[in-house]
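Colleague: Could you take me through one helix of this structure in close detail? I'd like to know which way its sides face and what they meet.

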Amino acid sequence: MLARAHAFTIEGLHTRHVTVEVDVRPGLPAFTIVGLADTAVREARERINAAIRNSGYEFPARRITANLAPGDVPKAGPGLDLAIACAVLAASGQVHGERLASVALFGELALDGGVRAAHGTLAVAQATRAAGLAGLALSPSRAHEAKLIDGLEVAAVEKLRSAVRVLEGGAGDPLPRANPDLPAVYDASATTIDLRDVRGQAHAVEALVIAAAGAHNALLSGAPGTGKTMLAQRVCSILPPLSTDEAIEVTRIHSLMLGTRVEQLARARPFRAPHHTTTAAGLVGGARRGCVGEVVLAHNGVLFLDELSEFSRSALEALRQPLEDGCVAIARASHSAVYPARFMLLAATNPCPCGYAGELERCGCSEAQRARHARRLSGPLLDRVDLLVNLTRAGAHSTSATAPISSAQARDRVLDARERQAHRLSAQGVSVNAHMDARLLREHARLDEKGEEMMRAACERGLLSVRGEHRALRVARTIADLRGAQRVRARDVGAALALRTSTAPGHGRLA
Amino acid sequence: MPSTRAADVNGACVPCLRRSWLLASLSGPLEYCARDRERLQALLAVEDAELIDAIGGRRRAELRGEYASFGAHSLHRCAGAQALCRHDPRYPRALLDATGAPRMLNVLGGAERLVELCSAPAVAILGSRRPSDYGRETARGLARGLSASGVSVIAGWQDGIAIASHEGALEAGGATVAVLSDGIEATTPVRRRALLGRLARAGCAVSELPCDRAGRRWGQLASERTVVALAAVAIVVEAEQTAGDLAAAGLAEALERTIAAVPGRVTSPLSRGTNAMLARGASIVRDAQDVLELLYEADPSRARTAKPESGPAAGAPLDARLQGLLERVGTGSDTPDSLAREGLRLDDALAGLSELELMGLLSRGDGGRYLPASPTSAATRIPNS
């Protein structure tokens, strides 16, 4: 007799639908699992055997073949145990599994017949709904995670027997109480950092608001102790909140990659700050099959690279594709995958190797050292950075004439500006100014006569390259949006030029 | 000496080429002696035989043998460079009169051009190898103004003030003489080769060593004496009060050149050397006009005719808002933050700074600080309203 059950296997960030087919026929007793199963799946035979017997059922002493289709997808992990066991029971006629066709089963079996949690629940729940299945049966400890997906019937099953009851049309076990102490993967309300903590540096704070408003990548440059890291850490507090889809994506990535248990969706954008010794594989992923990098973990959030000049050249080069396309395509001999990686890049650096350039003659670096430093920073990565924010020590000491703005105030301005951008650009499939291409810029960032003249002068003086001109235009557009204006004025262009990243040609310095 | 002139290589006679070869061969001992600057300068002034005796060490006999059998064909020759020795009537007169000056020069860019540049009034620009933005911008502006008024700018090939001077002069379309510390084909750093090529098209670069020999540290000290010897006025733009930064000024004093210095902040270590020179009686230099007046002191009528260049924006009056902003930057509020602290709106400050930068009145320096363009151009571009 033949029975079919639905399950899912996880590969990196992706889930694959697996149909479990079990055939039980007369013959010498044997239990074979076929279909590119890894060790954990093959060991399932012993677990299933014991669990079935210890649950009070009979393990058929016949020839059992379990096939995991499709046959060319490698199956990993113990999450398939429950589905195979239920299919065996159905195929041997011990269960009337009419609901096997509409309920996905996900969990590892204990020898006593208990159901254990397998990681990646949120992803599986999402895939279950996408596959058009009505319900998902899984361990009670992860039921709350699965319930985060709307429109999915979640049945908690503590034992194999409970799963059988669910398949025969009964109810699942009662859900445990949600654990209020389990935080969301990212939660703004759980932290107390606020833009108001930043003293002085009014210019840098304003630049950060501009960066957040247009989702521009930004580089913070300044002597040690000027508050670069402090500012960067606060950028998530002024970014717009995650939409539900984004929140599910973020939560899914983190529950899969970090194996953390979650009961609620992420409430803030991820902020990833990898150390500067991180390798290219660490940043973009691909070290092992299914292993993703920091850029993927920063998806929908912020990737902060402190001490940018200390990162290895290859690591920085590897960031080009994700910065350009919003995804990373990884191809290795054994596997290939495309992962989402749309993030805002924030980087911090010292202006020179000793860090004190521009600080009243304290810098002791030679020309050659500075040239080397600038060369490490320049090039393809800096080409994708729209804003350069210079911080000075004097700026950090002084209290500004204006009161510091709080994250809430800044966020309101950012939200306003984002709304304006979305309204203008949504027809073109773009949502923020930072992603406007040359054609959209011509259309939406038209300058008045004086602005045109300033742009031309900047190009003639060699202050801007063609790419630099586009970056300055995007920033000018965002500044106008923050002001609530339709047109980009000359003064917006001026402010954008003051925040430009490019150096004068041959100057060899980051200024 | 007609007998030796028969063996000329591009116009230099064998004894002078031999001197150049000897210095390169004694590079090791000279490097050792360079720890004592005065000893090095003294050694550079001694005759060949004495020099071998003084520092030849164990290689004395070998060197004497090679010296006796020296032939000009054994020297590496490089394309584009011309040799010029003191027996040539075109050799710069200033070097003939100075004791210890090099006896021959390899010239990149043409001997004729060197003659032309050395017959015009010449000014040496000296200073620190790690200047501040202020120093760099001042040197650049001085060179720009001076070369636009037809004065030859002479400088070394070290980082900092020297390179800024060459760049400034080239910006004005002028010509400079660069005194290299290495042979012409062995100049370091390599990243400056492009600048050297640009310089050689407009002005010229000279070196007293054979083309393929590196000069090391002693070569740099030796090039300083050539720089000051070639010039009538030596200007120190920024110097710490250390023996290294002030050595060139000392050489200029010994050669009885006019010494001038650019004043700086009293709190800045980079200006202590120059401020001390001013206190001791060096002439003060604020812009190119000051230098011109120093050069033509004896002949004030010429000073009137030679005017520094006027910038592209000359005559266009600056509006009060930008003028005020420029003055604030000049008095030290040189970041958007510090301007905001003085009560300016941040976006006004940013927009204004950009406008001034686009007019060439400001430039962005280290750490994003703005600095006013050099005195020369600023003085000529801003009407004194």
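Modeller: **A close look at one helix**

Happily! In chain B, helix H17 spans residues 320-330, and its buried residues include Leu325(B), Leu326(B) and Val329(B). Buried here means that 20 or more other C-beta atoms lie within 10 Å of the residue's own; exposed means 12 or fewer, partly exposed is in between, and C-beta atoms are placed from the backbone. Viewed down the axis of H17(B), these buried residues fall within an arc of 100°, so they line one face of the helix; the arc is that of the directions from the helix axis to the C-beta atoms. An α-helix has 3.6 residues a turn, so residues three or four places apart point the same way.

Before going on, a word on the source: this is a predicted model, in which local features need pLDDT of at least 70, side-chain atom pairs count only at pLDDT 80 or more, and totals for chains, interfaces and linings use all residues. Residues are numbered from 1 along each chain as its sequence is written, while chains are lettered from A and ligands numbered from 1 in the order in which they are written.

What do the buried residues of H17(B) pack against? Their partners in chain B are helix H19 (346-358), strand S10 (362-364) and strand S11 (370-372), where contact means C-beta atoms, placed from the backbone, within 7 Å. Helices (H or I, at least four residues) and strands (E, at least two) are DSSP runs, numbered from the N terminus. On the face of H17(B) turned away from the buried side sit the exposed residues Ala320(B) and Glu327(B). After H17(B) comes Gly332(B), with a positive phi near 115°.

For the wider setting, chain B meets chain A: 30 residues of chain B are in contact with 32 residues of chain A. On the chain A side, H20(A) gives the largest share, 5 residues.

Technical notes
Two residues are in contact if their C-beta atoms, placed from the backbone, lie within 7 Å.
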